[in-house]
Amino acid sequence: MRQIKKTALSILLLFLTFSPLYAQQKIGTETPEQKTKRMAWWTNDRFGMFIHWGLYSQAARHEWVKRWERMTDKQYQPYFDEFNPDLFNPKEWAKKAKAAGMKYAVLTTKHHEGFCLFDSKYTDYKATNTAAKRDLVREFVNAFRAEGIKIGFYYSLLDWHHPDFTVDVLHPLQPASEKDEDYDKLNKGRDMARYRAYMHNQIKELLTNYGKIDMLWLDFSYPDNGKHGKGSKDWGSVELVKEIRKLQPNIIIDNRLDLNDYQDGWDYLTPEQVNLSEWTKKNDYKTYWETCQTFSGSWGYFRDENSWKSTTQLITMLIEAVSKRGNLLLNVGPTARGLFDKRANERLDGIAAWMKYNSRSIYGCTEALETFKAPEHTMLTYNANTKRLYVHLLTYPGKTITLPGYKNKVKYVQFLHDASEIQQDSKSKAGENDLVLSLPETKPDIEIPVIELVLN
């Protein structure tokens, strides 16, 4: 993932996407209607698990440790030599994901460090050459697929280990100065064309050796850094997308290949560590988005990080994304031995307890109709197929809640977690178009209570 939060970049990308200047070039021939059909499972499922796992889990101090500490390949080599995930059991991971209500999962097959969790024939820097001695990606695929969870692959476009990947502004070997001659000296003998062929070949392996792949998460481009950054030409992005679509016609691709000039060069936006403040009302190909978020601040396992979000915060992030037509991809960073640590398990168990009773307000849901306004300290989601509106009580109001303008629009009201009826407060003096509901004084024993309204 990226080194820092990219809030400003996300805002800029949104502006570019919806600007009248946005170019309408196309790579393929898919129509908006065909895309809607292809994306249908994704917009229904709403919730996925991200898994960042690699050699950096041994350093246990951020997945960018090689860059942050300016480590050479020799200094980083002990992580490869000692990698031994002896407790790795992807079946346990898959069961945790399923219990938490996650419908798809995306694994880092290769992160920026260049280490491959899969048995690639194009490199020796892979799991099969460590004490693991096996293809960890294949085991992930088999385990998650067995639980009915859709399969996604993350693949880093960057590679700090490959000898042909040119040193740039994000490389661990970046020179102290920004002088071209210093970069040129470091890049003598390196050839991005050779690296590009390597990258394309590995992505082809991932898309041909593991059956149907539902998502491809390619990370990331930074063309704004000019000759010391990298963008679509460095990756051969147009040709790559064509090959991807040929190999896996129904696959969903993220937006990090630097193809903003192509309306079909990506399928959805990926704001990182932020939820969008609002979203377009237009119902076309540009409306798809997914926020990727962490339990704490880093993506890979960070032993000493203590800024972990609470279960309530994590559930709120999910509700907020769905309330704005988006998805949530929530990240877990397993330990070097292959386990989810105690903190991650506690959060996942908390989410599972909530989703067991309230997932109906997430799956198949989206932004509420404009005629329904959210009362203070609540969020709304809406299922157009069942015509049910969900009011998520982020702060429990106690005794009553007023739904502005809802009167005569609702035929039945209940708590979602136990299907217990919620009656109208007949003594209320609210506005003539408002609906006032009587609630128990004590908050129900559920993390975030949800009121389900069956609409007329």
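K399 is exposed, with a relative accessible area of 51%. That value passes the cut-off, because exposed means over 50%. The model that shows this is predicted. K399 sits in the loop that runs between β9 (388-393) and β10 (400-403). Its phi is positive, about 65°, although K399 is not a glycine.

H377 invites a second look at phi. Here too the residue is other than glycine, and phi is positive, near 65°. H377 belongs to the loop between α14 (342-358) and β8 (378-383). Is H377 buried, exposed or partly exposed? H377 is partly exposed, at a relative accessible area of 46%.

One more backbone feature lies in a loop. D219 and F220 are joined by a cis peptide bond. The omega angle there is about -10°. F220 is in the loop between β4 (215-219) and α11 (232-235).

Now turn to the interior. In soluble globular proteins, nonpolar side chains tend to be buried together. In this model, the largest nonpolar core has 97 residues. Which residues have the most contacts inside it? They are F144, F153 and W235. Helix α10 supplies the largest share of this core, 7 residues.

F144 shows what such contacts look like. Setting aside residues up to four places away in sequence, F144 touches I51, P90, W93, A94, A97, A105, I149 and I151. Apart from this core lies another, of 21 residues. Among them are A368, Y382, V413 and L455.

L107 offers another view of the inside. L107 is placed in strand β2, residues 104-110. It is buried, with a relative accessible area of 2%. Buried means under 20%, so L107 meets that cut-off. Which residues does L107 contact, leaving aside its neighbours within four places in sequence? The list is I51, W93, L117, V137, F140, G152, F153 and Y154. M49 is 58 residues from L107 along the chain, yet their C-alpha atoms are separated by 8.5 Å.

Next come the helices. Two packed helices are described by the angle between their axes and the distance between the axes. Take helix α7 (residues 90-99) and helix α8 (residues 136-146). Their axes lie 8 Å apart, and the packing angle is about 40°. The two helices are therefore oblique to each other. The crossing of α7 past α8 is right-handed. On the α7 side, the contact involves P90, K91, W93, A94 and A97. On the α8 side, the partners are E139, F140, A143 and F144. By class, this contact has 7 nonpolar residues, no polar ones and 2 charged ones.

Helix α10 (residues 192-208) and helix α12 (residues 237-247) form another pair. What is the angle at which their axes cross? The angle is roughly 15°, and the axes come within 10 Å. That makes α10 roughly parallel to α12. Their crossing is right-handed. From α10, the contact draws on M199, H200, I203, K204, L207 and T208. From α12, L240, E243, I244 and L247 take part. This contact has 6 nonpolar, 2 polar and 2 charged residues.

Stay with α10 for one more residue. R196 is found in this helix. R196 is partly exposed, with a relative accessible area of 25%. Leaving aside neighbours within four places in sequence, R196 is in contact with K233, D234, W235 and G236. W235 has appeared before, among the residues with the most contacts inside the largest nonpolar core. R196 also gives a sense of span. K409 is 213 residues from R196 in sequence. How far apart in space are R196 and K409, C-alpha to C-alpha? They are 57 Å apart.

The last stop is Q273. This residue lies in the loop between β5 (252-253) and β6 (290-294). Q273 is buried, with a relative accessible area of 13%. Q293 is 20 residues away from Q273 along the chain. The C-alpha atoms of Q273 and Q293 are separated by 4.8 Å.

Methods:
Residues are numbered from 1 along each chain as its sequence is written. This is a predicted model: local features need pLDDT of at least 70, side-chain atom pairs count only at pLDDT 80 or more; totals for chains, interfaces and linings use all residues. Side-chain values use heavy atoms; hydrogens and water are left out. Axes are lines fitted to C-alpha atoms, for helices over the stretch in contact, and angles run from 0 to 180 degrees between N-to-C directions. Helices (H or I, at least four residues) and strands (E, at least two) are DSSP runs, numbered from the N terminus. Angles under 35 degrees count as roughly parallel, over 145 as roughly antiparallel, 65 to 115 as roughly perpendicular and the rest as oblique. A crossing is left-handed if the near helix is turned anticlockwise from the far one by less than a right angle, and right-handed if clockwise. Contact means heavy atoms within 4.5 Å. Ala, Val, Leu, Ile, Met, Phe, Trp, Tyr, Cys and Pro count as nonpolar, Asp, Glu, Lys and Arg as charged, and the others, Gly among them, as polar. Buried means under 20% relative accessible area, exposed over 50%, partly exposed in between (1.4 Å probe, protein chains only). A nonpolar core is a set of buried Ala, Val, Leu, Ile, Met, Phe, Trp, Tyr and Cys residues joined through side-chain atoms within 4.5 Å.
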